[in-house]
Amino acid sequence: MDVTEFYVSIEPHDVLKRIKTNIVEGSFSGKLIDQYERIVGDQQVVVCIFEKYYMRTSNRASLTVTVDNLEGKTKIHAVASGGGEGAFFRFDWGVGNTFLNSVVKTLEEFIIK
């Protein structure tokens with residue numbers, strides 16, 4: 001399992017549009033499995049679950065991305081899982097990290113340091 005968390009300078013709807021474009025439209029096997037959204041006033045929380053097939057490992061990986069603006073700035077929390085082989089070993093040959101990095105690279109120009 002790979003996890004990352006960071007803030008960006010754009011609104012949640014812009015974040016989601018960019019991530020969806022990269023993962024779903026920008027790849028052969030990327031799919032949006034589910035999206036859950038809550039908006040209360042100006043505050044928004046969105047949870048998206050993506051899945052992608054990686055030929056090099058012959059496995060699917062999942063990516064859960066939570067985007068919120070509850071602190072007055074947009075926060076991204078992303079978790080990649082799956083992609084491993086076998087029932088007991090969770091070695092994923094870097095698939096989780098690759099999937100996770102696709103989110104970071106998509107948003108890197110907007111990351112607040």
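## A tour from the core outward

Start with the largest nonpolar core: among its 23 residues, Leu63, Val65, Ile76, Val103 and Leu107 touch the most other members. Select those five. Elements that give two or more residues to this core are strand 1, helix 1 (12-25), strand 3 (43-54), strand 4, strand 5 and helix 2 (95-107). A nonpolar core here is a set of buried Ala, Val, Leu, Ile, Met, Phe, Trp, Tyr and Cys residues joined through side-chain atoms within 4.5 Å. Buried means under 20% relative accessible area, exposed means over 50%, and partly exposed lies in between (1.4 Å probe, protein chains only).

This is a predicted model: local features need pLDDT of at least 70, side-chain atom pairs count only at pLDDT 80 or more, and totals for chains, interfaces and linings use all residues. Residues are numbered from 1 along each chain as its sequence is written, and side-chain values use heavy atoms, with hydrogens and water left out.

**The whole chain**

Zoom out and switch to cartoon. You should find two helices and six strands. Their order along the sequence is β-α-β-β-β-β-α-β. Helices (H or I, at least four residues) and strands (E, at least two) are DSSP runs, numbered from the N terminus. The protein has 113 residues, and 37% of them count as buried. Now show the surface. About 7,000 Å² is exposed, and carbon and sulfur atoms supply 52% of it. Accessible areas come from the Shrake-Rupley method with a 1.4 Å probe; for residues, only the protein chains shown count as cover.

How much of the contact count comes from residues 24 or more positions apart? They account for 53% of the contacts with a separation of 6 or more. Contact means heavy atoms within 4.5 Å.

**Stop 1: Ile76**

Go back to the core and select Ile76. Set aside neighbours within four places in sequence. Ile76 then contacts Thr4, Glu5, Phe6, Val8, Val15, Val65, Thr66, Val67, Val103 and Leu107.

**Stop 2: the Lys75 network**

Step back one residue to Lys75. Which residue forms a salt bridge with Lys75 at 3.5 Å? Glu5 does, that figure being the distance between the closest N and O atoms. Lys75 lies in strand 5 (residues 74-82) and Glu5 in strand 1 (residues 2-8), so the pair ties together parts that are 70 residues apart in sequence. A salt bridge is a side-chain nitrogen of Lys or Arg within 4 Å of a carboxyl oxygen of Asp or Glu. Lys75 is buried at 17% relative accessible area, whereas Glu5 is partly exposed at 47%.

Add Glu71. Its side chain meets Lys75 in a salt bridge at 3.8 Å, N to O. Glu71 is partly exposed, with a relative accessible area of 47%. Shared partners join Glu5, Glu71 and Lys75 into one network. The protein has two salt bridges by this rule.

**Stop 3: Asn69**

Select Asn69, in the loop between strand 4 (59-68) and strand 5. Is Asn69 buried or exposed? Asn69 is buried, with 12% relative accessible area. Its side chain reaches the backbone oxygen of Asp42 at 3.1 Å. Beyond four places in sequence, Asn69 touches Glu11, Pro12, Asp42, Gln43, Gln44 and Thr74.

**Stop 4: Lys52**

Move to Lys52 in strand 3. This residue is buried yet has no salt bridge. The nearest side chain of opposite charge is Glu51, 12 Å away. For charge, Lys and Arg count as positive and Asp and Glu as negative; His and the chain ends are not counted. Show what surrounds Lys52, leaving aside neighbours within four places in sequence: Ser27, Ser29, Gly30, Asn59, Arg60, Ala61 and Phe99 are in contact.

**Stop 5: Asp34**

Select Asp34, in strand 2 (residues 31-40). Asp34 is partly exposed, at 42% relative accessible area. Draw a C-alpha distance to Cys48: the two are 14 residues apart in sequence and 5.7 Å apart in space. Not counting neighbours within four places in sequence, Asp34 contacts Val47, Cys48 and Ile49.

**Stop 6: Ile111**

Finish at Ile111, in strand 6 (residues 111-112). Ile111 is partly exposed, with a relative accessible area of 24%. Past four places in sequence, Ile111 touches Phe6, Tyr7, Val8 and Val104. Draw one more C-alpha distance, back to Ile76. It spans 9.8 Å, for residues 35 apart in sequence.

Notes. A polar contact is a pair of N or O atoms within 3.5 Å; within protein, one must be able to donate a hydrogen and the other to accept it, and residues adjacent in sequence count only if both atoms are side-chain atoms.
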